[in-house]
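Q: Please take a close look at one part of this structure, the nonpolar core and the aromatic rings. Which residues have the most contacts inside the largest nonpolar core?

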Amino acid sequence: MAGRWIEQWEPEDETFWRETGEKTARRNLWFSVLSEHIGFSIWSLWSVMVLFMGPEYGIDPAGKFFLISTATLVGAIVRVPYTFAVAVFGGRNWTIFSALSLLVPTIAAFWVMEPGTSYTTFLVVAALTGIGGGNFASSMTNINAFFPLRKKGWALGLNAGGGNIGVPVVQLIGLLVISTAGAAHPRIVLGVYVPLIVVAALGAALKMDNLRPVQNDTGAALQAAREPHTWIMAVLYIGTFGSFIGYSFAFGLVLQTQFGRTPLQAASLTFIGPLLGSLIRPAGGWLADRYGGARITLWNFAAMAAATGVVVHASGIESLTVFLVGFIALFVLTGLGNGSTFKMIPGIFHAQGIGRGLRGEEAAAYGRRLSGAAMGLIGAIGALGGLAINLAFRQSFASSGTGTAAFWCFLGFYAVCFTLTWAVYLRRTQAVAAKPQLSYAEV
């Protein structure tokens, strides 16, 4: 897999970008989106499979929440090694491998998806689908290296948004199968994805490139792990992406358990929120490019808290209509927040480089070095937020039969994220007005 290697890459050089870089970067972006899209579909596969698992499977709602939590956990863990794999093997080469590896959980699920299979077997197969979550980390690290700072919000938002759409797409396919063939035929969903995985791998092999200048930097990884900003952004990303993936996995099961929806009724609603949240993510990156990621993130958390309040109220009055309005608003806001928070990461470290006296390409290189290392860790911790959400739902339904207690916890966490964003990235702006290079308000 020697592949195509680009020996020199200088996206911050406007002449290079205009004449050579932009066309190449965009081509790699589109095929990265395709592979990441399939990865998200496989990662979220069990949010669909549980809708097919009727009483004959002998698994209660708590057991189903634990299945999707297992996939979430593995997806979060593998994001760390996937981040570093790009520099070791090359972005193109790793995309080919990571796409083809999705055949393993897909074929395994095809084999075991029937009544009578043991719960342990389902857990193992659900864990295998977690590798799809790693595709996000390698894809974002790869695309981050291709684009200049001024374009990163748009590029990363589009890359992640196109990947996130894999969640509602697999849910739509599940809806189509349930409405036509019935809930007894989950293998049709899995059969659809085998050729799509092959297409994604072929696209990467034929159209993507490896960047020779992208190398693993152990020192950068250690420095990023020691940086307070890495951990602060990880907390904020739990609030945005963690919410998106956690709600995406749990939405259909919540509708079935709390509101008594049938598999077809749940499937007909499940995809709406993840679809809107995915489509809006590039807009979050664009708004962050234009107005500053910290400002967009701050008010986004305020709106998420308000939407959660609507969901809590709907749970109390048992109104499915009000519940759907609040929950879908939450999905849209998680998508906006995903775009704005990920835009903040390269901007923060670039601003930090300027604050240390670096200028021009030196500051840009410093920002790329640390942000690339930090993204894998931030992405992994953010995905663990999805695990926390599913476990919170599991406990809430087990103890009270509703998700209300879990939603109160989520509301409190969004308030914490709002306060943290303001205190670290906006409150300091006036204090350092005399030294604007230290301000993070525009990141």
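A: What follows goes from the core to its contacts and then to the aromatic rings. This is a predicted model, in which local features need pLDDT of at least 70 and side-chain atom pairs count only at pLDDT 80 or more, while totals for chains, interfaces and linings use all residues. Residues are numbered from 1 along each chain as its sequence is written, and side-chain values use heavy atoms, with hydrogens and water left out.

The largest nonpolar core (buried Ala, Val, Leu, Ile, Met, Phe, Trp, Tyr and Cys residues joined through side-chain atoms within 4.5 Å; buried means under 20% relative accessible area with a 1.4 Å probe, protein chains only) has 120 residues, and those with the most contacts inside it are W46, Y247, F323 and F393. Helix α12 (residues 228–259; helices are DSSP runs of H or I, at least four residues, numbered from the N terminus) gives the most to this core, with 16 residues. Setting aside neighbours within four places in sequence, F323 is in contact (heavy atoms within 4.5 Å) with residues including F251, L255, F259 and F407.

The whole structure holds 35 aromatic pairs (rings of Phe, Tyr and Trp, the last by its six-membered ring, with centres within 6.5 Å). In the pair of F393 and F407, the ring centres are 5.3 Å apart and the planes stand at 75 degrees, so the pair is edge-to-face (over 60 degrees). Because F393 belongs to helix α17 (residues 360–400) and F407 to helix α18 (residues 404–426), the pair ties together parts that are 14 residues apart in sequence. Both F393 and F407 are buried.

Methods:
Rings of Phe, Tyr and Trp (its six-membered ring) pair if their centres lie within 6.5 Å; planes under 30 degrees apart count as stacked, over 60 as edge-to-face and the rest as tilted. Helices (H or I, at least four residues) and strands (E, at least two) are DSSP runs, numbered from the N terminus. Buried means under 20% relative accessible area, exposed over 50%, partly exposed in between (1.4 Å probe, protein chains only).
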